[in-house]
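Work through these exercises with the model open beside you. Try each task before you read its solution.

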Amino acid sequence: MRANDTINGQEGRAYAKINGQVEEMFYIKSLEATIEKEKAEIKTLGQRGTQHKATGWSGSGSMTIYYVTSKFRELMLSYVAKGIDTYFDIQIVNEDPNSSIGKQDVTLKGVNLDKVIIAKLDTESEALEEEIEFTFEGVSLNDTFEQPRLWQ
């Protein structure tokens, strides 16, 4: 594999679609979303070991953002004050122009915030950041990377 086919973490973008409006999430420092299988332990006759059967999945993630938007606080306060919980989508695009493998485009569907910092001060920080944890209900892989080229 050629080194320039690795993806630079800064070469990407993300968009949130909240209540029908699309917002570029330029304030993201990092985002990671994972899918974890839920499995049942199954014991069968004639087998001493425990087997495992996939029974579902759960999606969760976190993002570190610069403390420059009130959007997520507004969503949380809508739930606190009115009981209105907001589910939205986040589209994450990895696309490094120096790489020959193209882009990957993933949409997390039904994103729901777990917790939000409502206010923050920090005299030791040069740039305030916040960590936001979330779950999601669905996912689509809209574009996939191409195979990396072999070094020749």
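A salt bridge is a side-chain nitrogen of Lys or Arg within 4 Å of a carboxyl oxygen of Asp or Glu. Side chains of opposite charge can pair when their charged atoms come close. Keep in mind that this is a predicted model.

**Exercise 1. Salt bridges**

Task: State how many salt bridges the rule gives, then test the pair arginine 2 and aspartate 5.

Solution:
- Step 1. The rule gives 5 salt bridges.
- Step 2. Take the closest N and O atoms of arginine 2 and aspartate 5. They are 3.8 Å apart.
- Step 3. The cut-off is 4 Å. The pair therefore forms a salt bridge.
- Step 4. Now look at accessibility. Aspartate 5 has a relative accessibility of 2%, so it counts as buried.

**Exercise 2. A link between two strands**

Task: Find where glutamate 95 and arginine 13 lie, and say whether each is buried, partly exposed or exposed.

Solution:
- Step 1. Glutamate 95 and arginine 13 form a salt bridge, with 3.0 Å between the closest N and O atoms.
- Step 2. Glutamate 95 is in strand E5, and arginine 13 is in strand E1. With their positions 82 residues apart in the chain, the pair links distant parts.
- Step 3. Buried means under 20%, and exposed means over 50%. Glutamate 95 has a relative accessible area of 31%, so it is partly exposed.
- Step 4. Arginine 13 is at 30% relative accessibility, so it is partly exposed too.

**Exercise 3. A link between helix and strand**

Task: Explain why the salt bridge of glutamate 130 and arginine 73 ties together separate parts of the sequence.

Solution:
- Step 1. The two side chains meet at 2.9 Å, N to O.
- Step 2. Glutamate 130 belongs to strand E7, while arginine 73 belongs to helix H1 (residues 71–82). The parts are 57 residues apart in sequence, so the salt bridge ties them together.
- Step 3. Check glutamate 130. Its relative accessibility is 2%, so it is buried.
- Step 4. Check arginine 73. Its relative accessible area is 9%, so it is buried as well.

**Exercise 4. The largest pocket**

Task: Describe the largest pocket by its volume and its lining.

Solution:
- Step 1. The volume is about 430 Å³.
- Step 2. The lining has 17 residues, and those closest to the centre are Gly9, Gly12, Arg13, Ile28 and Lys29.
- Step 3. Strands E1 (12–18), E3 (28–42) and E5 (88–95) each give two or more residues to this lining. E3 gives the most, with 4 residues.
- Step 4. Sort the lining residues by type. There are 8 nonpolar, 5 polar and 4 charged.

**Exercise 5. A surface patch and two loops**

Task: Name the residues of the nonpolar surface patch, then decide whether isoleucine 118, alanine 119 and methionine 25 are buried or exposed.

Solution:
- Step 1. Leu77, Tyr79, Val80 and Ile118 make a nonpolar surface patch of about 400 Å².
- Step 2. Isoleucine 118 sits in the loop between strand E6 (103–115) and strand E7 (129–136). Its relative accessibility is 51%, so it counts as exposed.
- Step 3. Alanine 119 is also found in the loop between E6 and E7. At 57% relative accessible area, alanine 119 is exposed.
- Step 4. Methionine 25 lies in another loop, between strand E2 (21–24) and E3. Its relative accessible area is 3%, so methionine 25 is buried.
- Step 5. Compare chain and space. Methionine 25 and threonine 107 are 82 residues apart along the chain, and 14 Å separates their C-alpha atoms.

How values were computed: Residues are numbered from 1 along each chain as its sequence is written. This is a predicted model: local features need pLDDT of at least 70, side-chain atom pairs count only at pLDDT 80 or more; totals for chains, interfaces and linings use all residues. Side-chain values use heavy atoms; hydrogens and water are left out. Patches are made of residues with over 30% relative accessible area and no salt bridge: like charges are joined within 9 Å, nonpolar side chains (Val, Leu, Ile, Met, Phe, Trp, Tyr) within 5 Å. Accessible areas come from the Shrake-Rupley method with a 1.4 Å probe; for residues, only the protein chains shown count as cover. Buried means under 20% relative accessible area, exposed over 50%, partly exposed in between (1.4 Å probe, protein chains only). On a 1 Å grid over the protein atoms alone, a cavity is a set of points where a 1.4 Å probe fits but cannot get out, and a pocket is an open set with protein on both sides within 12 Å along at least five of seven lines; lining residues have an atom within 4 Å of a point. Grid points are joined across faces, edges and corners, and a volume is the space filled by probe spheres set on the points. Ala, Val, Leu, Ile, Met, Phe, Trp, Tyr, Cys and Pro count as nonpolar, Asp, Glu, Lys and Arg as charged, and the others, Gly among them, as polar.
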